[in-house]
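Welcome, and thanks for taking a look at this model with us. Please have the sequence and the 3D view side by side as you read on.

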Amino acid sequence: MGISLLQPLWLIIIPLGVLMVFLHNRHVKSLVKWRRYTVMTTRILVIVFLVLSLTGMRIKSFTDERTIMIVVDRSDSMKGADHEITNFIKRVIDEKRPTDKIGIVSFGAHGAVEQSVSEQPIFNGFAAKVESNYSGVEEGLQLAYSLMSDDTGKQIILMTDGEENIGDALQQARMLKEHNVLLDVWGVQNTDVNDVQLSKVSLPDVIHLGESFDVVIRIDSNIATRTKIDLYANRQLVGEQTAEIQKGENQFVFKDTAAEGGSIVYKAVIDPENDEVLANNEFSRFSYVKDIPKILVVQGYNEDARELIKIYETDSSVTVAAPASVPQKISELQQYDSIILSNVSAHELNNNFLEALEVYVRHLGKGLVVTGGEDSYALGGYFKTPLEKILPVNMELKNKADVPNLGLVLVIDKSGSMSDGQYGVSKIELAKEAALRSTEALKEEDEIGVIAFDGAVQWAVKTGKIEDIRAVQEKIGSIRAGGGTSILPALDEAVKSLVSRDTKLKHIILLTDGQAEKSGYGSLIETMQQKGITLSAVAVGTGADLQLLRHLAEEGKGRFYKTDEFSDLPKIFTKETFLAGRTYINHRTFIPVRTGMSEILNGITAVPELHGYIGTSAKQTAKVILSSDNREPILAAWQYGLGRTAAWTPDAKGQWSSDWMGWEKAQVFWKNVLSWTLQHHGAENYEMNSEIIGNQVQLDLVLDESMDAKEVKGIVIAPDMEEQEIDFTAAAPGKYVSDFEGNTTGAYLTRIHIMAQDGEMSTIRSGIVLPYSPEYDLNRAKDRTFLAKLAQEGGGKLVEKAEDVLKRHPEKVWSETDLTSVFLILAMMLFMIDIAVRRLHIPSKKLQAIVVKLQMPAKIKKAWTKARTNETPPIKPAAPGLKKTDPNKTDRSNQVPREDKPKTPDKKDKTKQQQTSHTSKLLEFKRKRKK
């Protein structure tokens with residue numbers, strides 16, 4: 001028996017509280033004595049009880065109560081002992097003492113609660129689900145200990161065969177002993193069964209494409225039998241045979257040829273005629289086949305990539321596709337290692353392809369190369385598309401202040417013929433869509449006007465700055481087709497509006513599908529030339545006056561477009577808007593300047609001239625390798641997610657790069673560009689090791705000194721194709737470690753992404769094979785003394801019967817009772833008594849009557865009577881003839897009388913006399929008046 005205080009320093013408050021009560025005693029001095037003493041006593045006790053509750057006072061005493069945890073191994077090696085285990089548990093429950101508490105835990109790879117701790121446990125068999133392919137004794141013991149109370153004796157009964165393959169049970173047993181937990185072990189002896197197992201599959205780690213190699217399969221058995229052997233490569237059957245198995249070790253050889261590159265998983269499967277363990281009849285092995293890269297080249301009808309195709313076909317597998325026929329699903333794109341877009345407009349590419357392309361680069365770690373031309377970058381509509389997001393360059397120019405502002409007027413034919421169209425879409429609707437695209441391509445400083453004409457001129461949008469783009473687009477959308485065709489008045493109105501505008505560049509885009517005035521344009525064109533106004537013309541369909549429109553474009557220093565494909569209109573308008581407002585096409589001869597270090601320029605010391613490029617601006621984290629004489633990107637590259645992209649702003653056909661494509665190092669350069677975008681799988685600069693402990697896989701990655709890693713992450717793909725992300729931590733210079741849990745037997749593919757200090761990403765593809773659990777390993781070492789060691793380390797012993805368990809008692813422990821709530825209740829009750837004594841006035845007569853009614857003991861009655869004498873009794877009227885006495889005054893009848901002093905009237909008497917005198921005077925005055 002004992003008392004403990006959690007925070008004894010609070011006791012200092014008690015004397016201070018008592019002192020405070022006495023110092024404030026003046027507030028209760030007016031109370032009678034018994035009340036005063038009662039109030040002071042209750043206040044002191046309230047302070048004492050509150051302080052004791054703060055100290056956390058506990059009463060400690062030894063207890064013989066105990067908690068018995070039954071921990072059962074339910075791994076596959078224990079399946080034959082279920083009936084015996086169930087009988088043992090029920091016997092323990094039946095024979096336990098009433099005060100004993102029992103809980104039941106089962107375990108496989110992890111622990112599970114079968115029965116929570118209870119004095120009246122109910123056990124009707126095992127119901128919890130466990131992963132029976134592993135035996136984690138340590139986890140079972142940990143879970144059992146966590147369920148036990150600290151204020152009872154603790155005893156654990158472990159029921160197992162001792163074939164642990166996860167964790168360290170001996171260490172856990174030592175910890176239990178340190179915490180006064182008695183560990184007894186009830187052992188199960190397993191019998192041997194007929195077993196044939198696949199023990200190993202051997203083949204080279206790295207195989208070259210087309211190479212023939214051997215696959216060696218090892219089979220171990222404790223019986224002689226016959227079996228079928230199947231060999232799969234990436235789930236496809238590549239070999240099979242039937243073989244006679246001898247007792248002991250057996251080896252069989254299969255031959256195969258690497259038909260395709262990339263990661264490959266070989267899996268062997270056996271089907272013995274006599275076998276009682278099926279879990280060890282599969283085994284997998286990972287390998288990698290070196291292959292030439294697969295490239296998808298996308299080019300337009302001008303065949304802008306024909307020179308690149310010639311270069312890459314020498315050592316790559318090249319697939320050429322038109323923009324309209326590119327794959328649109330990520331599952332179709334992932335077969336390619338890199339994609340090349342050569343002068344391809346975004347308007348020609350399907351939106352599904354563009355969205356899949358972003359995932360292809362960012363998440364799959366693939367490559368992308370884009371080359372320039374008049375249909376690429378800003379002129380190709382890359383602005384605000386996934387292409388601009390992926391590429392290392394922006395479509396807008398960097399020095400916006402140097403770009404002159406633009407005044408643009410769109411002159412759109414809305415005659416009746418514009419209501420015609422194809423596939424349910426009219427020409428006027430496509431023209432409106434084109435006008436909307438133009439508004440999105442303008443800067444804040446630019447101005448726009450929209451004229452819709454037929455036989456008359458109608459301003460849809462007056463020329464001016466776009467203050468509310470939504471309102472402008474709604475006005476454009478309100479244009480309706482109808483009427484004839486008259487171009488001259490509309491052009492005249494457009495020119496007049498631009499003459500008065502204060503913009504440095506002024507441009508008109510004319511769109512029509514019909515015939516109009518043949519003459520009368522001379523003075524108008526002269527005005528345009530004088531005022532610096534340019535004009536481009538777009539002829540839609542075969543009904544337009546091609547000769548007139550071509551003439552107007554030539555005289556207006558603009559461009560002429562003829563299109564039968566109505567869907568080209570938005571692309572044409574967007575391109576015209578960019579061309580008119582910015583100097584995107586740079587026609588001049590210069591020698592590129594090397595502005596960044598990159599492996600792309602390995603083996604290159606000097607470069608030839610270029611004669612033009614498309615203007616762009618580099619993104620903040622992009623690496624500009626080659627720049628123009630104006631410091632604009634010629635070749636830029638960067639890491640985008642897990643992949644890499646490169647932007648070449650000149651063309652690859654020879655329009656601006658004729659000297660470059662004819663250069664002797666052209667092949668070296670373009671192969672370096674492609675190689676930089678590819679994922680590298682070589683093993684020359686890293687070493688990957690793996691260690692498998694139970695179902696835990698430990699990965700050790702050692703990088704070459706040349707790979708200065710900033711961050712290392714990975715993705716593990718399980719045999720069932722589920723992915724999980726893993727993080728590597730630095731264990732030593734150049735060494736990184738990680739681990740993951742693998743509960744599925746088979747090959748796990750890994751993609752490890754290494755981010756260098758400069759932001760570049762490298763990818764390592766590898767694989768780890770997780771064999772079947774040691775639970776099913778025929779060759780596993782069996783320690784017959786393990787159970788005895790476990791019991792000894794846990795301070796217990798090996799038991800055979802339930803009675804043996806219940807006879808053993810764990811060490812007694814201190815049981816603590818927390819008194820905090822008791823002290824708080826007492827303090828509250830005393831506080832209420834304090835208020836009642838001070839505030840409630842109950843006459844002593846009534847109290848005495850209550851006491852009598854309740855027939856209180858004589859001692860209490862006497863105490864109340866004594867307390868009553870201290871109160872002032874009520875004054876009773878004096879009996880006739882008796883002198884009225886005051887009990888509080890001393891009886892002085894026997895004392896010598898003394899002379900009485902004249903009584904001095906008090907204030908009340910004086911006031912009464914004055915009132916009487918005044919009344920008498922008034923009555924006297926009334927009597928005199930009556931007379």
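In what follows, buried means under 20% relative accessible area, exposed means over 50%, and partly exposed covers what lies in between. The model you see is a predicted one.

**Salt bridges**

Side chains of opposite charge can pair when their charged atoms come close. With a salt bridge taken as a side-chain nitrogen of Lys or Arg within 4 Å of a carboxyl oxygen of Asp or Glu, the count comes to 25 salt bridges. Here are three of them, with the separation of the N and O atoms and the relative accessible area of each partner.

| Pair | N to O | Acidic partner | Basic partner |
|---|---|---|---|
| D100 and R66 | 3.1 Å | D100, 0% | R66, 2% |
| E307 and K310 | 3.8 Å | E307, 25% | K310, 54% |
| E711 and K713 | 4.0 Å | E711, 35% | K713, 40% |

Which parts does the salt bridge between D100 and R66 tie together? D100 lies in the loop between α3 (82–95) and β4 (101–107), while R66 belongs to strand β3 (residues 66–73), so the pair ties together parts that are 34 residues apart in sequence. D100 is buried, and R66 counts as buried too. The pair also belongs to a network of salt bridges that links R66, R97 and D100.

The salt bridge of E307 and K310 sits within one helix, α6 (residues 306–312), where the two residues are 3 apart and thus separated by about one helical turn. An α-helix has 3.6 residues a turn, so residues three or four places apart point the same way. E307 is partly exposed, whereas K310 is exposed. In the remaining pair of the table, E711 is partly exposed, and K713 is partly exposed as well.

**Helix α2 and its two partners**

Next, try centring your view on helix α2 (residues 33–55). The axes of α1 (residues 13–23) and α2 come within 9 Å and cross at roughly 160°, which makes α1 roughly antiparallel to α2. On the α1 side, the contact is made by I13, I14, G17, V18, M20, V21 and F22. On the α2 side, M40, R43, I44, I47, V48 and V51 take part. This crossing is right-handed.

Helix α20 (residues 820–839) also meets α2: their axes come within 8 Å and cross at roughly 160°. That makes α2 roughly antiparallel to α20. Is the crossing of α2 and α20 left-handed or right-handed? The crossing of α2 and α20 is left-handed. Among the α2 residues in this contact are R35, V39, R43, V46, F49 and L50, and α20 contributes residues including F823, L824, L830, F831, D834 and R838. R43 appears in the α2 contact with α1 and in the α2 contact with α20.

**Helix α13: one face in, another out**

In helix α13 (residues 522–531), L524, I525 and M528 are buried. Why do the buried residues line one face of α13? Seen down the helix axis, they fall within an arc of 95°, so they line one face of the helix. These buried residues pack against α12 (487–499), β27 (533–540) and α14 (546–555). On the other side of α13, G522, S523 and Q530 are exposed. Just after the helix, G532 takes a positive phi of about 70°.

**Two loop residues**

To finish, here are two positions in loops. S75 lies in the loop between β3 and α3 and is buried, with a relative accessible area of 1%. Leaving aside residues up to four places away in sequence, S75 touches F107, S132, Y134, S135 and E775. The C-alpha atoms of S75 and T160 are separated by 9.0 Å, although the two residues are 85 apart along the chain.

A322 has its place in the loop between β17 (317–321) and α7 (330–333). Is A322 buried, partly exposed or exposed? With a relative accessible area of 38%, A322 is partly exposed. Not counting residues up to four places away in sequence, A322 touches V298 and Q299. A322 and E348 are 26 residues apart along the chain, and their C-alpha atoms are separated by 9.2 Å.

Notes: Residues are numbered from 1 along each chain as its sequence is written. This is a predicted model: local features need pLDDT of at least 70, side-chain atom pairs count only at pLDDT 80 or more; totals for chains, interfaces and linings use all residues. Side-chain values use heavy atoms; hydrogens and water are left out. Helices (H or I, at least four residues) and strands (E, at least two) are DSSP runs, numbered from the N terminus. Buried means under 20% relative accessible area, exposed over 50%, partly exposed in between (1.4 Å probe, protein chains only). The arc is that of the directions from the helix axis to the C-beta atoms. Contact means heavy atoms within 4.5 Å. Axes are lines fitted to C-alpha atoms, for helices over the stretch in contact, and angles run from 0 to 180 degrees between N-to-C directions. Angles under 35 degrees count as roughly parallel, over 145 as roughly antiparallel, 65 to 115 as roughly perpendicular and the rest as oblique. A crossing is left-handed if the near helix is turned anticlockwise from the far one by less than a right angle, and right-handed if clockwise.
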